[in-house]
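Let us walk through this structure step by step. Keep the sequence and the model side by side as you read.

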Amino acid sequence: MEFPPPPNTQLVDAPLHAIGFELQELSKERVAGCLNVTDNCCQPFKVLHGGVSALIAESLASIGAHLASGLKRVAGIHLAINHLRSAELGDLVYAQAFPVNVGKTIQVWEVQLYKIDSINSETKDLISTSRVTLLSNMSVPKHAKSAADGLKKYAKL
C-alpha cells in the first residue's frame with residue numbers, strides 16, 4: 001500500500017504551522033501530529049498555553065471532520081477541553097483526533113494531547129482531552145473552493 005507524503009502543515013493549516021505543529025497523519029478516521037513546546041506556545045510560566053491546546057484540538061477535529069464529510073465545509077460549534085497536566089518548555093507533545101460520531105449534519109471528535117517522555121518515547125502522559133462538535137456538510141463558498149487542495153495532496157482519502 002502506498003501512503004501519501006508527510007503533510008506540509010503550512011498548506012493544510014496555517015495556524016498550526018505558525019506554532020510549529022507538524023502533522024503526521026491525515027485521514028477521516030484519525031488526524032495526528034507533534035509539537036515541540038517552544039517559547040512561541042508557552043505562557044509566562046514556561047508551560048504550554050491552554051489556548052494552544054485548544055487551537056490544536058479545534059484544528060485537528062476540523063481537519064478530520066472536513067475529510068469525513070467528503071471535503072465539505074465544516075464549522076466548530078462547541079469545544080470542551082480539560083487540562084489534566086502541564087507540558088513544559090522543551091517537551092514534545094503528541095496530539096491525536098478521532099471521530100466519536102460522524103452524522104449527516106453534526107460530527108463529534110475526541111482530541112487527546114500527550115506529553116512524550118524524553119527518555120522513552122513509548123511512554124506518554126495525557127495532558128488534555130477535548131470534545132469538539134462541528135456542523136458538517138455545508139457548501140463551500142466560491143471564494144474558498146481551493147481550501148481542500150492541501151488536504152487532497154496529503155490525506156488518505
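Start with a pair of cysteines. The sulfur of Cys-41 has its closest cysteine sulfur in Cys-42, 5.3 Å away, which is too far for a bond. A disulfide would need the two sulfur atoms within 2.5 Å. Keep in mind that this is a predicted model. Cys-41 itself is buried, because its relative accessible area is 1%, and buried means under 20%.

The rest of the chain gives the same answer on bonding: the structure holds zero disulfides. Cys-34 is in no disulfide either. For Cys-34 the nearest cysteine sulfur belongs to Cys-41, and the gap is 13 Å. Is Cys-34 buried or exposed? Cys-34 is buried, because its relative accessible area is 15%.

Now turn to the interior. In soluble globular proteins, nonpolar side chains tend to be buried together. Here the largest nonpolar core has 36 residues. Those with the most contacts inside this core are Phe-21, Leu-23, Leu-26, Leu-48, Ile-56, Leu-60 and Ile-63. Many elements feed this core. Among those that each supply at least two residues are helix 2 (14–19), strand 1 (22–26), strand 2 (31–36) and helix 3 (50–68). Strand 4 (92–102), strand 5 (106–116), strand 6 (124–138) and helix 4 (149–154) also supply at least two residues each. Which element gives the most? Helix 3 does, with eight residues.

Another core lies apart from this one. That core has five residues, among them Ala-32, Cys-34, Tyr-114 and Ile-116. Cys-34, met above as a buried residue, thus has its place in this second group.

Ala-32 leads on to the strands. How do strand 1 and strand 2 pair? They run in the antiparallel sense, over four bridges. Together strand 1 and strand 2 form a hairpin, with four residues between them. Within this pairing, Glu-25 stands opposite Ala-32 in strand 2.

Finish at Lys-145. Lys-145 sits in the loop between strand 6 and helix 4. Lys-145 counts as exposed because its relative accessibility is 53%, and the cut-off for exposed is over 50%. The side chain of Lys-145 still has a partner: one of its polar atoms lies 3.1 Å from the backbone oxygen of Val-140. Compare the position of Lys-145 with that of Cys-42, where the tour began. Lys-145 and Cys-42 are 103 residues apart in sequence, and their C-alpha atoms are 34 Å apart in space.

How values were computed: Residues numbered from 1 in each chain as written. Predicted model: local features only at pLDDT ≥ 70, side-chain atom pairs only at ≥ 80, totals over all residues. Heavy atoms only, no water. Core = buried A, V, L, I, M, F, W, Y, C linked by side-chain atoms within 4.5 Å. Buried < 20%, exposed > 50% of the residue type's maximum accessible area, 1.4 Å probe, protein only. Pairing = 2+ DSSP bridges. Polar contact = N/O pair within 3.5 Å; in protein donor to acceptor, adjacent residues only side chain to side chain.
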